Structure formats: structure tokens, C-alpha cells
Amino acid sequence: MKKYFVILILLLLSAPLSFGSIVIKNGLTHVHSLTKGGEDTGKIIVKNESDKATKILIYKLDLIAECGQKIAYTPHEDFKYSLEDWLSMTIEEKVLEANEEFTFFYQLNAPENAENGSYWSMIMVEGTDPYTELQPNGVSVNSIIRYGIQVVADLGTKEISSLMIADIQMPETEVPSLEVQVRNEGEYSEKVRLYLEVYNNEGEQIATIKGLSRRVYPRMCSDFTLPLETLEEGSYEAVLVMDNGKDLFASNVSLDI
């Protein structure tokens, strides 16, 4: 039997979230409002849902989502928007007993000379005990799970949104979809949801297709996928709408299925 070893990074917004024996109980995105020279604290709640003890590792990484490139999770080097120097924790590892729930805290301290805008980093919670999954083809896959908790600090107050569609593609795949890249030209991160209003040749709306919500960081991009498999073959006109919870941004799109 062949065995493979992989690492999965989970970066979602719902809570609680579980995969394997480790559960993050209070969500994977934490947003803080700070003033220059100000401070704030946050907490991460982790639970071991297995019947045996397991060790977790806790550390920081930067999340960089450059347009046209894969998302990178890297140790801090010289990233302008990193919270590395603002974000401190007092724990690096912890053994969780069976069914134990554990809360650890982090501290944010904004420097006096920081510019207004959003800053962010990842707090990683990594299990050290792999779980094994047997695939239908007989391959055994051992996986290590790392949860990526996005910690965002907003310094000052956002006044306007500067979101734009950077790219739209309909790849030639068996299941049709609309691939959309959204760029944030502003100084603050934005939680964005896309949806597509589809119209037939008579101008009647026949479908509304909704995508997942994603955070788009300053000067960065996020990729969205809108599945189109519910549409029959043909040509359609559509309106692509970006919703950040306060404003709506719309673009016209022609679809050929």
C-alpha cells in the first residue's frame, strides 16, 4: 500500500471549524480596530475532540496574496503590512489532553508612527499527530492539519472603498465556471462577496449565482469562483455584483455556455 504525507492549511471564515481531532471554536478571522500607540487583545479557543492527548504548535506567518500569484504563507521578512512586530503571544506549543478545551491570548500594540490602514498576519495552529485517510484506489494519505487564523488590525477609519475587477475568465473545463479576480486598491481590507445576476435574451432574470465571501487585502487580490453548471447551453447577459456590506459595485458580463 502506498503512503503519502500532506499538509493541509485551512483558511475559512466559519466557526467552529474542525478537521481531524483539533477544533478552532471561535472563528478563523479576527478583526481589531486600533489607534496609533493603542493596544488590544484577542483570544483563540482550541479543543482536542479526540480521546487521546495531542500536541499543537502555535506560531506566526505572513499571508501575501499578490495579484496573479498563488497565496504565500511566509515567515516575516520585509512585508509592509505585516503585524509581526505588533503581534505577540506567550505560548509556542501546548499538549491538549483528551477532550480538553484551551484558550490562548495574543496582544496587539500599534506604534505611534504607523500609517493608517489595515495590517495583518496569520496565527498558525498546527497539530503534530497526522490522521490517516484511505483513498478508494488503496493509497493511504497521512495529513497534518494547520489552521490559519487571520488577525487583522485596522488603524484609523476607512472612508471609501477602492475595489476593482482585475480579471475575468471562463476556463474551458468540463464544469463551466466564471473565475473572477478582485483587487483592492485601498488601504483597508474588505470582506467581499460576489454574485451574478443572469438574464435571458428577453431581458428576464433567470438566475442569481452566489459565491463565497473572501477578504481582499490592500494592494492585494483574491480569486473567486462562480459555478455556472445550472445554466443551459447558450448566450446570456449578466451583471456581476461585488458586495462589501456597505457598497455595491456592478459590471456587465456576457456569458457563452
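## Starting at Leu155

Leu155 is found in strand S13, and it's a handy place to step into this predicted model. With a relative accessibility of 1%, Leu155 counts as buried, because the cut-off for that label is under 20%. Setting aside neighbours within four places in sequence, Leu155 has quite a list of contacts: Leu34, Thr35, Lys36, Trp86, Ala110, Ala114, Glu115, Asn116, Gly117, Tyr119 and Tyr188.

Take Tyr188 from that list. Leu155 and Tyr188 are 33 residues apart in sequence, yet their C-alpha atoms sit 8.7 Å apart in space.

Trp86 is also worth a look, as one of the contacts of Leu155. Not counting residues up to four places away in sequence, Trp86 touches Leu34, Gln107, Leu108, Asn109, Ala110, Pro111, Ala114, Tyr119, Ala153 and Leu155.

## The chain as a whole

Let's step back. The chain has 257 residues, and 42% of them are buried. When it comes to secondary structure, there are 20 strands and zero helices.

Look at contacts between residues at least 6 apart in sequence, and 67% of these join residues at least 24 apart. On the outside, the chain exposes about 14,000 Å², with carbon and sulfur atoms supplying 46% of that area.

## Two nonpolar cores

The largest nonpolar core has 28 residues, and the ones with the most contacts inside it are Val46, Trp86, Phe104 and Ile149. Several strands each put in at least two residues: S3 (22-24), S5 (39-48), S6, S10 (101-109), S11 (117-127) and S13 (140-155). The top contributor is S13, which gives six residues. Apart from this core lies another one, of 21 residues, including Leu178, Leu194, Ala207 and Ile209.

Strand S6, one of the contributors to the largest core, is also home to Thr54. Thr54 has a relative accessible area of 6%, so it counts as buried. Beyond its neighbours within four places in sequence, Thr54 is in contact with Ser21, Ile22, Asn48, Lys94, Val95, Leu96 and Asp129.

## An open sheet of four strands

Now for a sheet. Four strands line up in the order S17-S16-S19-S20, forming an open sheet with antiparallel pairing. At the edges stand S17 (205-216) and S20 (248-256); each has a single partner strand, so one side of each is left without a neighbour in the sheet. From one strand to the next, the twist averages 20 degrees. What holds such neighbours side by side? Strands of a sheet pair through backbone hydrogen bonds, either parallel or antiparallel.

Walk across the sheet and you can follow the pairings one at a time. S16 and S17 are antiparallel and share nine bridges, and the bridge partner of Glu197 in S17 is Thr208. Five residues lie between these two strands in their hairpin, where Gly203 takes a positive phi near 80 degrees. S16 also pairs with S19, again antiparallel, over seven bridges; here Leu194 has Met242 in S19 as its bridge partner. Finally, nine bridges join S19 (residues 235-243) to S20 in antiparallel fashion, with Val241 standing opposite Ala250 in S20.

## Cover and exposure in the sheet

Strand S16 (residues 190-199) is mostly covered, with seven of its ten residues buried. Over in S17, Thr208 has a relative accessibility of 43%, which means it counts as partly exposed.

Thr208 touches Tyr195, Leu196 and Glu197, leaving out residues up to four places away in sequence. Thr208 and Leu240 are 32 residues apart in sequence, and 9.9 Å separates them from C-alpha to C-alpha.

## One disulfide

How many disulfides does the structure hold? There is one, joining Cys67 to Cys221 with an S to S distance of 1.8 Å. The pair links distant parts of the chain, 154 residues apart: Cys67 is in the loop between strand S6 (54-64) and strand S7 (72-74), while Cys221 is in strand S18 (residues 221-227). The link is right-handed, with 80 degrees about the S-S bond.

Are the two cysteines buried or partly exposed? Cys67 counts as partly exposed, at 26% relative accessibility. Cys221 is buried, with a relative accessible area of 6%.

Note on methods
Residues are numbered from 1 along each chain as its sequence is written. This is a predicted model: local features need pLDDT of at least 70, side-chain atom pairs count only at pLDDT 80 or more; totals for chains, interfaces and linings use all residues. Side-chain values use heavy atoms; hydrogens and water are left out. A disulfide is a pair of cysteine sulfur atoms within 2.5 Å. Buried means under 20% relative accessible area, exposed over 50%, partly exposed in between (1.4 Å probe, protein chains only). Contact means heavy atoms within 4.5 Å. Accessible areas come from the Shrake-Rupley method with a 1.4 Å probe; for residues, only the protein chains shown count as cover. Two strands pair if DSSP finds at least two bridges between them. Axes are lines fitted to C-alpha atoms, for helices over the stretch in contact, and angles run from 0 to 180 degrees between N-to-C directions. A nonpolar core is a set of buried Ala, Val, Leu, Ile, Met, Phe, Trp, Tyr and Cys residues joined through side-chain atoms within 4.5 Å.
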